[in-house]
Amino acid sequence: MNFGRRELSGAVADLGVLVPIAVALIVKNGLSPTAVLLPAGLLYITVSFVYRLPVPVQPLKALGAIAIAKGLGSDEIAAAALIMGAIFLVLGRIGALDLAARAFPRALIRGVQLTVGLLFLKIAWGLVDNPPKSFGHFATPPSWAIPLAAAGIALAFALRNQPVSLALVGIGAVIMLVRAGQDASLGPSSLSFPSLDSGTFWSAFTVLVLPQLPLSFANSCLATADAARVYFPEEEAERVKPGRLASTLGAANIFSGAISGMPVCHGAGGMTAHVAFGARTGGAPLALGTTLTVMAVAAGSGLAALLPAFPLPILAAMLAMAGLLHIGLLRDLRGAPAWALALLVGVVGFEVNLAIAVGIGLAVWWLVRGTTVLRAALSPSG
């Protein structure tokens, strides 16, 4: 493992996804800050040893967005985490996802990654154009936030070979402490076991789990494993299989649900962010996971006051940078049919629904392939 400056810079490069959702779940949904950060921190530590690569840890984005929008309580969120955990742990352990992955062509996976990249850009724009209410009076007005985020993106591109994300996060942490350091306190926030019944589980499954399942399958498992093959040598990427990713995120969500915490996953866009800013080994997830775990245990009681003071333009710049680089994964596609399929899946996934996009993409791919095989079989030369 490496713990150099660029490795540490890559370690913090995906905070643009983690921080906004974590803050909203703490401020709006009433989750314990310690319960929010602890599952993410422990999963980061786990992946550093299981994969020995910068495999990302992110909140479950669709689930989190719905829970925040509907103002759901910790019990519904915990039930959803437990259901997600059980489903993916079982699918990962029996090898079902590794088998299913063989049916997905590269162009379709690139379409999923295009969807994620576009979603990153959309979230980044929302952070500066319409700041989340959970960041309260600390949110920078759009007239300042938008040009500051644009400057951050330009800086990140210009200094990609330097530990620029580490510098940006360091600046953001200083600003956060200046703004709200007087409200910081030591010690963890209180943890509680969820109160669950059949009605809570049913509500969690229909409202939160069903919209999240296709995104986790396609992005957390298939697309993350594919991104590892793009960025790392085969003998290293071989450790990052869809089934193993399902198993680690599944176990983490069972723990998260048990303490009424934040549901977590992996994500191809997060891997792009980590790698783009310098992470190459398990040192990056170990460093970030240790930091998040220490924060959760040693300062959790004050994080509800501290985290909303982190500058949104910095988070938006890092998130937009990751989105643009993630869209760049499409550059290895060859031929008009592959590009057409990737664009179809990407646009439908972004504008409508990823599950529908993946279904359409699979149907088109196998219809074309089946027609080609049938024509070859029926031709006189065949």
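This report covers the internal cavity and the cysteines of a predicted model.

## Cavity

Searching the whole structure turns up one cavity of 30 Å³ or more. The largest cavity has a volume of about 40 Å³.

Its lining runs through several parts of the sequence. Ile-21 and Leu-25 belong to it, as do Pro-59, Leu-60, Leu-63, Gly-64 and Ala-67. Ile-77 and Pro-263 complete the list.

## Lining by element and character

Two helices each give at least two residues to the lining of the largest cavity: helix 2 (15–27) and helix 4 (61–70). Helix 4 holds the largest share, with three residues.

The chemistry of the lining is simple to state. Eight of the residues are nonpolar and one is polar. None is charged. The polar residue is Gly-64, because Gly counts as polar in this scheme.

## Cysteines

How many disulfides does a search of the whole structure find? The count is zero. Cys-221 is in no disulfide, and the nearest cysteine sulfur to that of Cys-221 belongs to Cys-265, 9.0 Å away. Cys-265 is likewise in no disulfide; its nearest cysteine sulfur is that of Cys-221, at 9.0 Å. A disulfide requires cysteine sulfur atoms within 2.5 Å, so a separation of 9.0 Å does not qualify.

Are these cysteines buried or exposed? Cys-221 has 0% relative accessibility and so counts as buried. Cys-265 has a relative accessible area of 1%, and is therefore buried too. The cut-off for buried is under 20% relative accessible area.

How values were computed: Residues are numbered from 1 along each chain as its sequence is written. This is a predicted model: local features need pLDDT of at least 70, side-chain atom pairs count only at pLDDT 80 or more; totals for chains, interfaces and linings use all residues. Side-chain values use heavy atoms; hydrogens and water are left out. On a 1 Å grid over the protein atoms alone, a cavity is a set of points where a 1.4 Å probe fits but cannot get out, and a pocket is an open set with protein on both sides within 12 Å along at least five of seven lines; lining residues have an atom within 4 Å of a point. Grid points are joined across faces, edges and corners, and a volume is the space filled by probe spheres set on the points. Helices (H or I, at least four residues) and strands (E, at least two) are DSSP runs, numbered from the N terminus. Buried means under 20% relative accessible area, exposed over 50%, partly exposed in between (1.4 Å probe, protein chains only).
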